[in-house]
Amino acid sequence: MNGMLPQASGPIGSASRHEGQMQHTIRQPISSIGTGLHTGRRINLQLSPAPENTGIVFRRNDVALPPLAARYDTVVDTRLSTVLGCDAGDGHAERIATIEHLMAALAGCGVDNIFIDVNGPEIPVFDGSAAEFVFLVECAGITAQSAPRLHIHMDRTVRVEDGDAFAELSPATQPGLTIDISIDFPAAAIGQQRYVTLVEPGAFRQHLSTARTFVLQPEIDYLHSVGLARGGSLDNAVVVNGDSVVNPSGLRHPDEFVRHKVLDAIGDLYLAGGMISGHFRGHKSGHTLNNRLLRKVFAEQANWRRAPLEASLSTPQPRAA
């Protein structure tokens with residue numbers, strides 16, 4: 001096991017418990033410009049404060065696309081990234097792609113309500129991790145609001161599978177969301193890795209936010225052939241070729257690959273419409289299984305409930321759904 005269960009730290013761990021139980025937004029708008037991973041376009045990103053109970057809302061200001069709530073049921077594609085979208089009415093679906101790293105940063109920093117505006121079809125990739133998004137949120141500042149934060153508590157175990165890959169959510173044994181992910185890649189530079197963590201601001205910033213997305217060298221030519229990864233480079237992704245890492249600077253962590261999978265899962269699970277209090281276990285899981293899992297969770301009310309984080313953990317015994 002590469003990850004350790006950290007003690008609570010950062011704003012929620014060290015500030016008053018009352019403040020940690022309230023919703024949060026950012027203090028002031030902040031913007032940045034970056035490159036889209038798949039389109040290669042220069043895209044302007046702006047983050048703005050939002051009122052209580054707004055949630056996370058994505059907006060495109062370059063096309064007539066209605067605001068998109070960051071929820072599992074507005075996800076329209078999960079093949080290469082998590083993509084939000086809706087039918088524009090003429091058979092053409094407008095989208096906002098590659099949202100998972102920003103979603104992970106918002107979850108990791110404890111931001112409940114925010115408006116996200118972009119002038120293109122995807123979120124800038126920056127360095128391929130969540131670090132730049134965390135930096136933007138911290139520069140804007142985080143402020144508590146007066147409405148309580150309600151978590152999504154798992155009341156029974158829900159699981160989805162695809163061959164030997166699986167993802168599941170089960171009731172929590174401690175308040176909050178724990179993540180336990182294992183990966184297994186044929187590329188020797190990656191191999192088998194596992195990471196376990198409690199999602200909280202201090203651990204997220206220190207151990208997860210800097211983990212970059214990665215790609216296998218043979219996949220790059222294919223992506224280029226279908227018009228994708230036009231903005232990809234060694235500046236925003238770790239490239240693996242067999243037993244070696246192509247990036248001259250190497251890895252930021254010996255287990256950066258599985259840490260990034262944890263980061264992705266945190267972002268995908270935040271599409272539940274709030275923070276989950278439960279235990280997530282995934283093996284070889286990705287955006288598709290993560291989204292399938294949320295859809296199955298919310299298909300039955302008996303699987304979950306909304307309550308403050310410190311609600312009693314004496315829920316019904318976990319059982320398969």
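Two residues are taken to be in contact when heavy atoms of one lie within 4.5 Å of heavy atoms of the other. On that basis, in this predicted model, 74% of the contacts between residues at least 6 apart in sequence join residues that are at least 24 apart. The chain contains 8 helices and 20 strands, and of its 321 residues 56% count as buried.

In soluble globular proteins, nonpolar side chains tend to be buried together. The largest nonpolar core of the model comprises 75 residues, and the residues with the most contacts inside this core are Leu45, Leu47, Phe58, Ile116, Ile123, Leu169 and Phe280. For Phe58, when residues up to four places away in sequence are not counted, the residues touched are Pro67, Leu68, Ala70, Leu84, Ile96, Ile99, Leu102, Met103, Ile116 and Ile123; Ile116 and Ile123 are thus listed both among the partners of Phe58 and among the residues with the most contacts inside the core.

Leu102, one of the residues touched by Phe58, also takes part in the contact between helices α3 and α4. The axes of α3 (residues 100-109) and α4 (residues 131-140) come within 8 Å and cross at roughly 45 degrees. Because this angle is neither under 35 degrees nor within the range of 65 to 115 degrees, the two helices are classed as oblique to each other, and their crossing is right-handed. The contact is made by His101, Leu102, Ala105, Leu106 and Cys109 on the side of α3, and by Phe133, Val134 and Val137 on the side of α4.

Two threonines located in loops were examined in turn. Thr78 lies in the loop between β6 (75-77) and β7 (83-87), and it is buried because its relative accessible area of 15% falls under the 20% cut-off. With neighbours within four places in sequence left aside, Thr78 is in contact with His287, Thr288 and Asn291, and its side chain makes a polar contact of 2.7 Å with the side chain of Thr288.

Thr210, in the loop between α5 (201-208) and β16 (214-216), has a relative accessible area of 24% and is therefore partly exposed, this value lying between the limits of 20% and 50%. Beyond its neighbours within four places in sequence, Thr210 contacts Ser129, Ala131, Arg252, His253 and Glu256. The C-alpha atoms of Thr210 and Ser129 are 5.3 Å apart in space, although the two residues are 81 positions apart in sequence, while the side chains of Thr210 and His253 are joined by a polar contact of 3.0 Å.

Terms used. Residues numbered from 1 in each chain as written. Predicted model: local features only at pLDDT ≥ 70, side-chain atom pairs only at ≥ 80, totals over all residues. Heavy atoms only, no water. Core = buried A, V, L, I, M, F, W, Y, C linked by side-chain atoms within 4.5 Å. Buried < 20%, exposed > 50% of the residue type's maximum accessible area, 1.4 Å probe, protein only. Helix = DSSP H or I, 4+ residues; strand = E, 2+ residues; numbered from the N terminus. Polar contact = N/O pair within 3.5 Å; in protein donor to acceptor, adjacent residues only side chain to side chain. Axes fitted to C-alpha atoms, helices over the stretch in contact; angles between N-to-C directions. Parallel < 35°, antiparallel > 145°, perpendicular 65-115°, else oblique. Left-handed = near helix turned anticlockwise from the far one by under 90°.
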